[in-house]
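I sat down with this one to see how its parts hold together. These are my notes, in the order I looked things up.

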Amino acid sequence: MKKEEFLEKFIDAVQIEEDVNEHTDLSSLDEWDSLASVTVLALFNKYLGLKLTAQDIKSCMTVGDILNLGREKYAE
Amino acid sequence: MLKSIIKNVKIKGISVVVPSKELCLTDDKSLYGGDEKQLKRVMRSSGFNKRRVADENVTASDLCVKAAENIFADMNFDRKNIDAVVFVTQTPDYHMPATACVIQHRLGLKESTAAFDVNQGCAGYAYGVWIASMLANSGCRYVLLLVGDTSSKYTDMFREHQSAPIFGDAGSATLFEFDEKAAPMYFDIGTDGSNYEVIMARNGGFRNPPKKDMFYEDGTFKYEARMDGLKVMEFTLSKVPGSIKDVLERAGITKDDIDFFVMHQANKFILENIALEADIPLDKMPMETISKYGNQSCTSIPGAICDALEEEVQKRPLKLCISGFGIGLSWVSAVLDIDRIYCSGIRNFD
C-alpha cells in the first residue's frame, strides 16, 4: 500500500471530516481521542502488517508522525 | 504458554441472567460534552448501544444465584449432587468471606461442598471452565461454575473521563459433570503481570485502603478504576490471535473444524481485528451481544452463547473455541466440545 492510500484509510477509519495534511497537529482534530489511536494501531496491523506499541502511537504529534511509523512498509 | 488438557468432563447446561433495567448510550446527553456526532462515531466503531445495569442493592452473586436456580429448575437437577461451587467475579459481595460460601448457603447446597471465589475479569469465564473442569476430574462429580460481575458499579471509570460507559451487568451459571466419555478440553493460558496497571481499580484494597479523600461529594467511593484502551488493543492483537492458533494446534484441529469462536465481547472493533489477524470468518464469531448488553466483563462468553447460540447449542453437537482476554493482563483460550446442552438464553433478573 502506498503512503497516500494509507492516509486515506486513516482519514476514513478515524472518520475525520476536516482537511488534513502531514503537518496537521493530531491535537487539533476533534476526532483524535483514545478510540482513534486504537483504530490507528489496528490500521497498521491490518494494512501494513506492523505490530506497533501503544507508545509508538502516543509519541506521535502530527499526522505526518503517524504516517512515518509505516515508512518501511509503503509501496513505491 | 501454559498448555492444559482436561479429560472426562462435559458441560451440561448454561444460564445467564441480567438486570431488567436497560440504559442506552444515547440517553445520556452529557457524554462527550454533549457532542452527539462524537458519540455516534464511537457507537459505530465499538458496537456499544444498550446495556443492563443492576440496582444499587443487587450484586453479581444475586444474578448468578438466579442463573443457578434456572439450571436446577429447568434441568430438573437435584442440587444435592453439587460437590463444588466456584464463583468468578471482580465485584464480590464482601471483602471477606468468599461470596461462594454465602452462595452455598443461599442455594441450599450440602455441607460437603467446596466453595471458593476467583478474582478474574475478562478471562474469567474461560478460567472458570478450566478450574471447574479440573475439579470435576478430581473427585467432584458435579461442579457449579458461577461467573458474574456488576462492573457498572465501578462508576468512576467513566465519571471523570469523556468516555462512554460500556459495561453491562450479568451473572451466569454453568454446570459440569464427570463423564468418562466426554471429549478432551484444550486450554492455552497466559499472564502478563508487568501490565497489571493497564486495567485496574486502584483504591479500596489494602495497598490503598479507603481514606477520607477517596469519596465524591455524593458519597460514592473513588475506586480509581481505569483502563488504557490503547494498551489493551496492543495486548489483544499481540496475544489473542496467537493463543487461538496455539490451542487449535494443540487440539489437532484447524479453524475450519470449529463451529463458533466465542470471544470475550470486549467491543466490536477488537473482535473484528482478532478475526482479521487470526483469519476467522466473521460469521463464525458472534458479536451482536455487545450492542444489546454492553461489555459483560467475565460473563460475556456465556452471554454470547446464550444470546447468539441459544438454539444451536441445544439442537446439535458443537465444537467451540472460546477466548477470554483482558485485566491482569490475562488470557485463556480453549477448545470445547458441547453436545446438546441446556441453555436458558438470557433472562431478566426481576
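**Starting from a phenylalanine**

I looked up F6(A) to begin with, and F6(A) is buried, at a relative accessible area of 0%. I keep in mind that this is a predicted model.

Its ring has a partner: F6(A) pairs with F44(A), with 4.6 Å from centre to centre and 40° between the planes, a tilted pair. I checked F44(A) too, and F44(A) is buried with a relative accessible area of 0%. Where do F6(A) and F44(A) lie? F6(A) is in helix α1 (residues 3–14) of chain A and F44(A) is in helix α2 (residues 34–48) of chain A, so the pair ties together parts 38 residues apart in sequence.

**Aromatic pairs**

I searched the whole structure for aromatic pairs and got ten over all chains. The F6(A)–F44(A) pair is tilted, whereas Y154(B) and Y223(B) make an edge-to-face pair, 4.9 Å centre to centre with 80° between the planes. Y154(B) sits in the loop between β7 and α5 (156–159) of chain B, and Y223(B) in the loop between β10 (199–201) and β11 (225–227) of chain B, so this pair ties together parts that are 69 residues apart in sequence.

Buried or exposed? I noted 23% relative accessibility for Y154(B), which counts as partly exposed. Y223(B) is partly exposed as well, at 29%.

I then listed what Y154(B) touches beyond four places in sequence: Q90(B), T91(B), A201(B), Y223(B) and A225(B). I also took a C-alpha to C-alpha distance from Y154(B) to E224(B), and got 8.4 Å for two residues 70 apart in sequence. Y154(B), F215(B), F221(B) and Y223(B) form one aromatic cluster.

**Charges over rings**

I went looking for lysines over rings. The charged end of K222(B) sits over the ring of Y216(B), 5.0 Å from its centre. K66(B) has its charged end over the ring of F349(B), 5.6 Å from the centre.

**The six-stranded sheet**

What is the strand order in the open sheet of chain B? I read it as β6-β5-β7-β8-β2-β15, six strands with mixed pairing. β6 (114–118) and β15 (342–348) of chain B are the edge strands, each pairing on one side only. On average, neighbouring strands are turned by 15° against each other, direction ignored.

I followed β2 (residues 9–18) of chain B to the edge: five bridges join β2 to β15(B), and the two run parallel. One of the residues I traced there is I14(B), whose bridge partner in β15(B) is C343(B).

Next I checked what packs on the strands. Helix α9 (residues 300–308) of chain B packs on the sheet and touches β2, β8 (170–178) and β15 of chain B, with its direction at about 85° to that of β2(B). Helix α3 (residues 99–106) of chain B lies across β5 (82–88), β6 and β7 (142–149) of chain B, at about 140° to β6(B).

I picked S172(B) for a look inside strand β8 of chain B. S172(B) has 0% relative accessibility and counts as buried. Its contacts beyond four places in sequence include S15(B), V16(B), C64(B), Y125(B), T299(B) and P302(B).

**A strand covered on both faces**

Side chains in a regular strand alternate between the two faces of the sheet. I tested both faces of strand β12 (residues 260–263) of chain B, and both are covered: F260(B) and V262(B) are buried on one side, F261(B) and M263(B) on the other. Four bridges join β12(B) to β13 (residues 317–326) of chain B, running parallel. V262(B) has I322(B) as its bridge partner in β13(B).

**Nonpolar cores**

Nonpolar side chains tend to be buried together in soluble globular proteins. Which residues touch the most other members of the largest nonpolar core? Of its 73 residues, I found F10(A), F44(A), I244(B), I274(B) and F325(B). I wrote down the F10(A) contacts beyond four places in sequence: I16(A), L26(A), W32(A), V40(A), L43(A), V63(A) and I66(A). Another core lies apart from that one, with 48 residues, among them M185(B), F260(B), I305(B) and C343(B).

Notes
Residues numbered from 1 in each chain as written. Chains lettered and ligands numbered in written order. Heavy atoms only, no water. Pairing = 2+ DSSP bridges. Axes fitted to C-alpha atoms, helices over the stretch in contact; angles between N-to-C directions. Contact = heavy atoms within 4.5 Å. Phe/Tyr/Trp six-rings, centres within 6.5 Å; stacked < 30°, edge-to-face > 60°. Buried < 20%, exposed > 50% of the residue type's maximum accessible area, 1.4 Å probe, protein only. Lys NZ or Arg CZ within 6 Å of the ring centre and 35° of its normal. Core = buried A, V, L, I, M, F, W, Y, C linked by side-chain atoms within 4.5 Å.
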